[in-house]
Every structure is written in structure tokens, then in C-alpha cells.
Amino acid sequence: MNIIETYTKDEIYLSGLEYRSNNGEECYLFIPGLGGNYLDNRFICEIANTIYMNNMNIVIANTRGSFNLNYSHPNSKNGYPKEIGLFTEMFDDCIYDIDAWIEKLKELGYNKITLIGHSVGNNKIIYYYNQIKNNKISDIIMISPSDYAYRMKHKPEYNEILNKALENCKNSKEKELLHFDFYYKYSYSMADFLTNNNLDNFPILSKNLKRMTAFNRIDVPISIIYGSEEKKYTSNIDFIYANSNKNCCIDLIEGANHSFNGYEKELSKKILKTRG
């Protein structure tokens, strides 16, 4: 296992873990969900270990949204550290992170990349693929993909938090922390997250066919894995089958939840099976 580093085009420093078991050109690239990182997410490490033990390569990538608050040190002598983390993240900037990691993998000799996303990490992958169609991506594995845009808008506190975020931004209080659902964000980041239509690209709950366009532009094979306990999603799988492109298949792990607690090994085996 090696710690690897990269800089994005907008000068954000990111670190990741490379599990390299062979000198081949194939590699998995894991993009975590909200605040996700290679230190705190047990199932991510289990996936990495299983793939490594099966003589395959994987990189677990931190993004600018990893952890709550962190600092990115500049790539130049005259630069200043920048605040990064879930508190500060703007959704559209995910294209810089994913692109930087793919370029890093190419530098390391990988030319056939399987993107793995978890939760909102999948919305980032969908958005990235629509903005930068990288020919190094061979397939995509989506773990617990989320229709988080719909879920946010149907929480009772949505309008109150959105109005507060927008008011703070107008009154020079854009860095006031706000709490919504299970996380905190600065007001400017919260306003972006609650209103950005680019995040609304997997409408399994809203069933808005117009929002399926980005997902259906993906022209590489897609494997979706849910835990059966995510009934709000698994009860709507037929909508995805009926309205998604032909490259999509869906699998379930009985008894598992959103983060596959206690089912990490079963999840890892499912991922390996996507390679036949």
C-alpha cells in the first residue's frame, strides 16, 4: 500500500491510497460519498483489501469534500493554504478531483480504469462523465447510488435551511455553519448543495425522466449494488430498469444498509464478480 498525491487543475492537493498487486494496466478508482475518506470508512478499506488479495489494483481517492474541514497546501511557493472539506465543497468542482485522479493513474501506468462510487460519489461520477468523457474509463460500479436531491427537497427543514443559507450569503455571513440532515456546511456551500441541479442526476425517487439524461449518456457498462435495507431505493429499481440505458445491471445484498455495515466482505465479492 502506498500513499499517493495529486494536484487538481485549480491547485487543490489530494491524497489517496494505492493498493498495487500487479504491474497490469487495470485499476479500480474509488470515489467516496459526502465527507468520505480512506481513514474513516471501514467498507472502503475492506473493498481495497479484497481487490488487492485477488491480484487486482485499486486506488482509494480522497476528494476536496473528504473530512469536515481540512487544508490544502499550495503547489507553488507563493500560494496560501486553502480550506477544503465537506464544509466548503461546491458540487461542480468534483470534475477537477476525479480528473486529477484519473490523470494520476495514467501517470502510474494505468490505462483501463473502473470507477467505483459510493452514495453521492456516484452523482459526482455521473456529472464528471458528462463533462469529461475520459476514454480511460472502462466501466462504472455504483454502490448505494443516491437520489439525494429529491430527499433533501422533501425534508421538512429544507426551505428553512435554504433560506437561511441564501440570507447569510447576502449578508456577508457566507461562512456561518448550518446543519442539515447528518452534516454541517458553510452557508455558501449549503446553498450550492441544496440548489445545484447537476446533483439531481439519478432520479430513482423523483422519477423525473428529464433528470435521467445525464445517467443515460454514460456509454460504458454500469453495475449498481444496493443493500436490501435501503427500501426507499430498492422498491424503485424497476424504474431504473425501465428507463436506463442497456449498459446497466442491478444487484442486491440481502440485509445490508447504505454503508454495508457487517456486509463488507459480501460487497467486495459482488464488486469482483462485475469483472466476471
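This passage walks through the sheet, the nonpolar cores and two unusual backbone spots of a predicted model.

The sheet is a good place to start. Eight strands make up an open sheet with mixed pairing, and their order reads 1-2-4-3-7-8-11-12. At the edges sit strand 1 (2–7) and strand 12 (248–253); each has a single partner strand, so one side of each goes without a neighbour in the sheet. From one strand to the next, the twist averages 25°.

Strand 4 (58–61) shows both kinds of pairing. With strand 2 (13–19) it pairs in the antiparallel sense over four bridges, and leucine 17 has isoleucine 60 of strand 4 as its bridge partner. Strand 3 (26–31), on the other hand, runs parallel to strand 4 and is joined to it by three bridges; here tyrosine 28 is partnered by isoleucine 58. To get from strand 3 to strand 4, the chain passes through helix 1 (residues 42–53), giving a right-handed β-α-β crossover. Strand 4 is also covered on both faces: Ile58 and Ile60 are buried on one side, Val59 and Ala61 on the other.

Further along the sheet, six bridges hold strand 7 (residues 112–118) and strand 8 (residues 137–143) together in the parallel sense, with histidine 118 matched to isoleucine 143 of strand 8. Helix 2 (residues 94–107) packs on the sheet and touches strands 1, 2, 3, 4, 7 and 8. The direction of helix 2 makes about 125° with that of strand 1.

As for the cores, the largest nonpolar one has 61 residues, and the members touching the most others are Leu29, Ile140 and Ile224. A second, separate core counts 22 residues, among them Tyr38, Ile44, Ile116 and Phe260. Back in the largest core, isoleucine 140 is worth a look: beyond its neighbours within four places in sequence, isoleucine 140 is in contact with Leu115, Ile125, Tyr129, Ile218, Val220, Pro221, Ile222 and Ser223.

Finally, the backbone. Most residues other than glycine have a negative phi, but two residues here go the other way. Serine 144, in the loop between strand 8 and helix 4 (148–153), has a positive phi near 50°. Aspartate 181, in the loop between strand 9 (177–180) and strand 10 (183–186), has a positive phi of about 60°. Their surroundings are described by relative accessibility: serine 144 is at 0% and therefore counts as buried, while aspartate 181, at 23%, is partly exposed.

Methods: Residues are numbered from 1 along each chain as its sequence is written. This is a predicted model: local features need pLDDT of at least 70, side-chain atom pairs count only at pLDDT 80 or more; totals for chains, interfaces and linings use all residues. Side-chain values use heavy atoms; hydrogens and water are left out. A nonpolar core is a set of buried Ala, Val, Leu, Ile, Met, Phe, Trp, Tyr and Cys residues joined through side-chain atoms within 4.5 Å. Buried means under 20% relative accessible area, exposed over 50%, partly exposed in between (1.4 Å probe, protein chains only). Contact means heavy atoms within 4.5 Å. Two strands pair if DSSP finds at least two bridges between them. Helices (H or I, at least four residues) and strands (E, at least two) are DSSP runs, numbered from the N terminus. Axes are lines fitted to C-alpha atoms, for helices over the stretch in contact, and angles run from 0 to 180 degrees between N-to-C directions. A crossover is right-handed if, with the strands pointing away from the viewer, the path from the first strand over the helix to the second runs clockwise.
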